[in-house]
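Here are a few worked exercises on charged side chains and the fold around them. Grab your viewer and work through them step by step.

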Amino acid sequence: MLSIHSLKPQALGLPPGTSEFLGCQRRHTLPASEFRCLTPEDAISVFEIEREAFISVSGTCPLYLDEIRHFLTLCPELSLGWFEEGRLVAFIIGSLWDKERLTQESLTLHRPGGRTAHLHVLAVHRTFRQQGKGSVLLWRYLHHLGSRPAVRRAVLMCEDALVPFYEKFGFQAVGPCAVTVGSLAFTELQCSLRCHAFLRRNSGC
C-alpha cells in the first residue's frame, strides 16, 4: 500500500505542503496514549509486568495469572490499563469487597454487592518507571471509581515504605492489615471516593 508520505504534493493534485499536513493529521489520530479497562485478553501482558515488578523484590505476586483472568472476567470495570501505542505500560486491578477491613478471603474474592473497591495491584513496566506513571494512573483510577455511585471507598494494603505514596492521594492508614503473605506484613489504607466523585463531576471529564 502506498503511503501519503511517499508521494509528492503534485502527484496527488494538492497544493504544496498539503501532504505534510495530512501526514500530521493522520499521526494525531493514532492512540499514542490510551487508558481503558482491561480484558481477559490482556492477562498475559499484565502478569509479565507484575511478575517482573514483584517477584524480584518480594518473591511473590499479588495476583497470579489464573487470578488475573478471574478478576478481569468477573469485574473488568474495576481495572484500568495505560497503553502507549498499543503496548501495556501500567495497570491497576481491583474488585469489590463487602466488609469493613480486608481479610485473607479478600485476596481472591469479588463481592458484587460490595461498596468498597479493593485495589489488588498497581504495577508499571520496568522501562517506564520513575516517570510518574504510577501516580497518573492511580489518580485516573480513583476518578474512574468516583464515577460509580455504588462504590463508596477504596482500600488497599501495602508495605510501610509505600504508605506516604498512597497518602498523597487521600488514603489514610487504618492500622496493620490482617492479611499476611508468607513473612510479609502490610498496612491497610482506606480512601473515601466522595472527593474524587466531586472532582470528576466538576471537571467535565
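**Exercise 1. Find the salt bridge between Arg153 and Glu100, and place both residues in the chain.**

Step 1: the side chains of Arg153 and Glu100 meet in a salt bridge, with 3.7 Å from N to O. The criterion here is a side-chain nitrogen of Lys or Arg within 4 Å of a carboxyl oxygen of Asp or Glu.

Step 2: this pair ties together distant parts of the chain, with Arg153 in strand S5 (residues 153–158) and Glu100 in the loop between S3 and S4, 53 residues apart. Helices (H or I, at least four residues) and strands (E, at least two) are DSSP runs, numbered from the N terminus.

Step 3: check the cover. Arg153 counts as buried at 14% relative accessibility, whereas Glu100 is exposed at 55%. Buried means under 20% relative accessible area, exposed over 50%, and partly exposed in between (1.4 Å probe, protein chains only).

A word on the ground rules: this is a predicted model, where local features need pLDDT of at least 70 and side-chain atom pairs count only at pLDDT 80 or more, while totals for chains, interfaces and linings use all residues. Residues are numbered from 1 along each chain as its sequence is written, and side-chain values use heavy atoms, leaving out hydrogens and water.

**Exercise 2. Which residues are linked with Asp98 in a network of salt bridges?**

Step 1: start with Lys99, whose salt bridge to Asp98 has its closest N and O atoms 3.8 Å apart.

Step 2: Arg111 also forms a salt bridge with Asp98, again with 3.8 Å between the closest N and O atoms. Arg111 sits in the loop between strand S3 (87–97) and strand S4 (116–124), and Asp98 is in the loop between S3 and S4, 13 residues apart.

Step 3: put it together, and Asp98, Lys99 and Arg111 form a network. Lys99 counts as partly exposed at 37% relative accessibility, as do Asp98 at 43% and Arg111 at 26%.

Step 4: the general idea is that side chains of opposite charge can pair when their charged atoms come close.

**Exercise 3. How many salt bridges does a search of the whole structure find, and how many helices and strands are in the protein chain?**

Step 1: the search turns up seven salt bridges.

Step 2: the protein chain has seven helices and seven strands, running α-α-β-α-α-β-β-β-α-β-α-β-β-α from the N terminus.

Step 3: for burial, 40% of the 205 residues in the protein chain are buried.
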